[in-house]
Amino acid sequence: MTNQASTTIKFQSGEQIPVELHKVRIVQKLFLKPIDERMEAIEKGGYNTFLLNTKDIFLDMLTDSGTNAMSDNQVASMLQADDAYAGSQSFYRMEKALRDVFGKQYVLPVHQGRAAENIISQVFIKEGDVIPMNYHFTTTKEHMELNGGKVLEIYTDEALKIKSDVPFKGNIDLDKLKGVFEEYGKEHVAFVRMEASTNLIGGQPFSMRNLREVKKIADANDTMVVLDASLIGENAYFIKKREEEYKNASIKDILLEMCGYADMVYFSSRKVSSTRGGGIVIDSHDLFLKMRDLLVLFEGFLTYGGMSVREIEAMAVGINETCDDTVISQSPSFIEYAVNSLDAEGVPVITPAGALGCHVDAKGFLPHVPQTEYPAGALAAALFIISGIRGMERGTISSVRDENGEDILADVELLRLAFPRRVFTLSQTMFMIDRLKWLYKNRELVGGLKWVEEPALLRFFMGRLTSTNDWPQKLIAKFKEDFGDSL
Ligand SMILES: *Cc1c(COP(=O)(O)O)cnc(C)c1O
């Protein structure tokens, strides 16, 4: 067996270069607009990258959600979709794929990941329960709290460090997990949640060994382990790359073993398989029945769950492709290349490279911008102005205010540059690295942001801000001095 676990290939120079192991057959035209037009666009969008219009964007690195490239086989499968309210053949094909890959018997389809969280939280969380986990995800936490639960993040000391060489920063701290059962009693622990490739702390994976120990502790306390598998393929890839015992294992076997340590697995197929939708898979018939009625109420009949049959077909194919080493390694290989190139030049990024994207540490990048002036948001706006690249703020703008109206400062201020699967090429990646390096050299020109219109709920989505002074004009002047008429 060739056991090619990565698409990164050694060149004559000794350099490790990620190579696209696919060919491009359908393309979408992109525009790189002049800097003055980009400036106009960000002003119109209230310095909030969520409010930009894709016609003004060159590389859209906002998210991997629903933006992965589909394969030829996925698109082809959509033609055989079987339109039926109940009993569609498309559903049975997807059910088989999910059983094969996740190794669980019962399948509940939902319209996207957060819908799975809604159902699981309603069925399994009661007022006053706690839910220990490696780290929260935004929608997960909201659903748990809506149902009276309290999220306990019991990550290891390493998890929030920007620079690290610890390979599994997504691990749960096992002593803290035992402590949770001692403190609250097992009857008040709804379940233990493990999130594969922990999204909000830089796409950092957990190890198989950690998951195995979590399962033992949970079993000893008669408590379920629930696995958020939205980024499970990438986590499996990191287990293969970073955990000695698994270096010769196939992704498929690693996935099966991971799911074997969970009593229930749920996922967003916007991430797992490039289509809308999601699902819950489980072996217990009793628990399946408990969730089934809510599924029919909130999502749709059991054989479509709010998805179109075309999406169901594409999901079935996409889930199987998640087990393909070269498909699953594509995005982490490009991220690793970007992270290592930036790190080598001293640009502060989260290390080691994880899944989902390249995470730039805005506090380290802009130490002169106080957190009350939103360094991650300012960095996202500045990068868009100088490059047309759209990233996502994951810092204090994405946080909330306390009862006195003061900002609750985020643990980390990150600019996330997502690498959806098989979307960007190496030269586009190099462009991103180049412009970030330029911005770092000129970082003292970047200032802060202040609110113009601040919504009370989820302000990061629709809120409008502006620059604290005329720093964008100074940044543009320097850009023109260095790049002339070039875009
Ligand atoms: C995206 C995501 C979700 C929610 O999925 P949606 O399909 O966006 O509703 C849940 N958990 C994790 C880890 C995610 O990344």
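Contact here means heavy atoms within 4.5 Å. The structure is a predicted model, in which local features need pLDDT of at least 70 and side-chain atom pairs count only at pLDDT 80 or more, while totals for chains, interfaces and linings use all residues. Residues are numbered from 1 along each chain as its sequence is written, and side-chain values use heavy atoms, with hydrogens and water left out.

By that contact criterion, M61 touches I389, R390, G391, M392, R416, L417, A418, F419, F424 and M432, leaving aside residues up to four places away in sequence. M61 sits in the loop between β3 (59-60) and α2 (72-77); helices (H or I, at least four residues) and strands (E, at least two) are DSSP runs, numbered from the N terminus. With a relative accessible area of 0%, M61 is buried, where buried means under 20% relative accessible area, exposed over 50%, and partly exposed in between (1.4 Å probe, protein chains only). M61 and Q330 are 269 residues apart in sequence, yet their C-alpha atoms are 16 Å apart in space.

Another buried loop residue is I201, at 3% relative accessibility. I201 lies between β7 (192-195) and α7, and touches Y135, A159, L160, K169 and I350, again not counting residues up to four places away in sequence. From I201 to D411 the C-alpha to C-alpha distance is 9.6 Å, with their positions 210 residues apart in sequence. N118, by comparison, belongs to a helix, α4 (residues 113-124). N118 is buried at 13% relative accessible area and touches H143 and F298, with residues up to four places away in sequence left out.

Turning to whole helices, nine of the eleven residues of α8 are buried, so α8 is largely enclosed by the rest of the structure. The buried residues of α8 are I232, G233, E234, N235, A236, Y237, F238, I239 and K240. Their cover includes α3 (89-102), α7, β8 (225-228), α9 (251-260) and α13.

The packing of α8 against α13 can be described further. Two packed helices are described by the angle between their axes and the distance between the axes. For α8 (residues 232-242) and α13 (residues 325-344), the axes come within 9 Å and cross at roughly 90°. Axes are lines fitted to C-alpha atoms, for helices over the stretch in contact, and angles run from 0 to 180 degrees between N-to-C directions. The two helices are therefore roughly perpendicular to each other, on a scale where angles under 35 degrees count as roughly parallel, over 145 as roughly antiparallel, 65 to 115 as roughly perpendicular and the rest as oblique. On the α8 side, G233, E234, Y237, F238 and K240 make the contact, and on the α13 side D325, I328, S329, P332 and S333 do.

As for charged pairs, the structure holds 34 salt bridges, each being a side-chain nitrogen of Lys or Arg within 4 Å of a carboxyl oxygen of Asp or Glu. One of them joins the side chains of K216 and E213 (3.2 Å, N to O). K216 and E213 are three residues apart in helix α7 (residues 208-220), which means they are separated by about one helical turn. E213 is partly exposed, at 27% relative accessible area.

A salt bridge between R276 and E311 spans 2.9 Å, N to O. R276 lies in the loop between α10 (269-272) and β10 (278-282) and E311 in helix α12 (residues 309-321), so the pair ties together parts that are 35 residues apart in sequence. R276 is partly exposed at 36% relative accessibility, whereas E311 counts as buried at 16%.

R459 and E454 also pair up, their closest N and O atoms being 2.8 Å apart. R459 is buried at 4% relative accessibility, while E454 is partly exposed at 33%. Both belong to a network of salt bridges that links R401, D407, E454 and R459.

On the surface, L457, L458, F461 and M462 form a nonpolar patch with about 450 Å² of accessible area together. Patches are made of residues with over 30% relative accessible area and no salt bridge, with like charges joined within 9 Å and nonpolar side chains (Val, Leu, Ile, Met, Phe, Trp, Tyr) within 5 Å. Accessible areas come from the Shrake-Rupley method with a 1.4 Å probe; for residues, only the protein chains shown count as cover. Within the patch, L457 is exposed at 73% relative accessibility and sits in the loop between β15 (449-453) and α17 (459-462).
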